[in-house]
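Me: I should like to learn how to read the helices and loops of a structure such as this one. May we take the features one at a time?

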Amino acid sequence: KLIVCIDEFQNVENFDDPVGFQQKIRAQWQKHKNVVYCLYGSKRHMLMQLFEKRSMPLYRFSEVIYLDKIAKEHWVKYIVNSFHSGRKKISNELAGMIADSVKCHPYYVQQFAHIVWNNTDKKVTRAIFDKSIMELVSNNVILFEREFQFLSNGQINFLRALKDGVNRGFTSNEVIRKYNLGSSSNVIRIISALEDKEIIDRFTNNIEFVDPVFELWLKMRL
């Protein structure tokens, strides 16, 4: 028996004939008796389109499993042990702040921790942490600026609300009026556009930033 794992499967959408390709693999895979296919990726919105949209060839072709983020306590242990193995010290509190600052995003936890490591001689201090988080944001500014310049005023206003802590109820009159979002139908269009741009994600009725460092940058910029 074989287990075939394909990472970033949503990239089939970039093929010349993505629907035709999906039709072919479904026609073949459903005949396979001794193979399990594990298809996974980091862009949940695109994967949902592939497996949960009725018009798509792979609609309900497989069981869909949403993976939770790696829990903070695991990151704390990993960071503290990694620093210790390199003869440097970091407290549980500061290690937890590294994970919290980037919302336990695996790529950014490791990038942030690496920056803190490079800025530390023997022991991590709060000053080193603050310097490192500014460096983390600075390292990504060019990408964020490029992304930001293509946003409409309505989309910027929506992100302003999101970074202020609003994560639901965007179509309420209070939120629409406070952030100048126009109308409830316009809010729905904004959400859809930002999802397509992979700037926000919807999960369990909440909306959140896909990129936590982009959120940090927005809080500094807006």
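Reply: Certainly; please bear in mind that this is a predicted model. Let us begin with helix H6, where Ala127 and Lys131 are exposed on one side. The other side of H6 carries the buried residues Ile128, Phe129, Ser132, Ile133, Leu136 and Val137. These buried residues cover an arc of only 165 degrees around the axis, so they lie on the same side of H6.

Me: Why do residues three or four places apart point the same way in an α-helix?

Reply: An α-helix has 3.6 residues a turn, so residues three or four places apart point the same way. In H6, the 14 residues should span 20 Å at 1.5 Å a residue, and the end C-alpha atoms are 20 Å apart, which agrees.

Me: What covers the buried residues of H6?

Reply: The cover includes helix H4 (92-101), helix H5 (106-118), helix H7 (141-148) and H11.

Me: How is the packing of two helices described?

Reply: Two packed helices are described by the angle between their axes and the distance between the axes. Here H6 (residues 126-139) and H11 (residues 212-221) pack at an angle of about 100 degrees, and their axes are 10 Å apart. H6 is therefore roughly perpendicular to H11. On the H6 side the contact is made by Ile133, Met134, Leu136 and Val137, and on the H11 side by Val213, Leu216, Trp217 and Met220. By class, this contact of H6 with H11 has eight nonpolar residues, no polar residues and no charged residues.

Me: Which residues of H10 are buried, and which are exposed on the other side?

Reply: Val187, Ile190, Ile191, Leu194 and Glu195 are buried in H10. They cover an arc of only 130 degrees around the axis, which puts them on the same side of H10. On the other side of H10, Ile188, Arg189 and Asp196 are exposed. The buried residues of H10 pack against helix H2 (44-52), helix H8 (153-163), helix H9 (173-178), strand S3 (200-203) and strand S4 (206-209).

Me: Why does glutamate 195 count as buried?

Reply: Its relative accessibility is 6%, and buried means under 20%. Glutamate 195 lies in helix H10 (residues 184-196). Leaving aside neighbours within four places in sequence, glutamate 195 is in contact with His45, Ile200 and Arg202.

Me: Where does glutamate 13 lie, and is it buried or partly exposed?

Reply: Glutamate 13 lies in the loop between strand S1 (2-6) and helix H1 (18-29). At 34% relative accessibility, glutamate 13 counts as partly exposed. Its contacts, apart from neighbours within four places in sequence, are Pro18, Gln22, Met46, Leu50 and Met56. The C-alpha atoms of glutamate 13 and leucine 50 are separated by 8.7 Å, although these residues are 37 residues apart along the chain.

Me: Which sign of phi do most residues other than glycine have?

Reply: Most residues other than glycine have a negative phi. Arginine 87 is not a glycine, yet it has a positive phi of about 60 degrees. Arginine 87 is found in the loop between helix H3 (72-85) and H4, and it is exposed, with a relative accessible area of 78%. Glutamate 198 also has a positive phi of about 60 degrees although it is not a glycine. Glutamate 198 is placed in the loop between H10 and S3. At 28% relative accessibility, glutamate 198 counts as partly exposed.

Notes:
Residues are numbered from 1 along each chain as its sequence is written. This is a predicted model: local features need pLDDT of at least 70, side-chain atom pairs count only at pLDDT 80 or more; totals for chains, interfaces and linings use all residues. Side-chain values use heavy atoms; hydrogens and water are left out. Axes are lines fitted to C-alpha atoms, for helices over the stretch in contact, and angles run from 0 to 180 degrees between N-to-C directions. Helices (H or I, at least four residues) and strands (E, at least two) are DSSP runs, numbered from the N terminus. Angles under 35 degrees count as roughly parallel, over 145 as roughly antiparallel, 65 to 115 as roughly perpendicular and the rest as oblique. Contact means heavy atoms within 4.5 Å. Ala, Val, Leu, Ile, Met, Phe, Trp, Tyr, Cys and Pro count as nonpolar, Asp, Glu, Lys and Arg as charged, and the others, Gly among them, as polar. The expected span of a helix is 1.5 Å times one less than its number of residues. Buried means under 20% relative accessible area, exposed over 50%, partly exposed in between (1.4 Å probe, protein chains only). The arc is that of the directions from the helix axis to the C-beta atoms.
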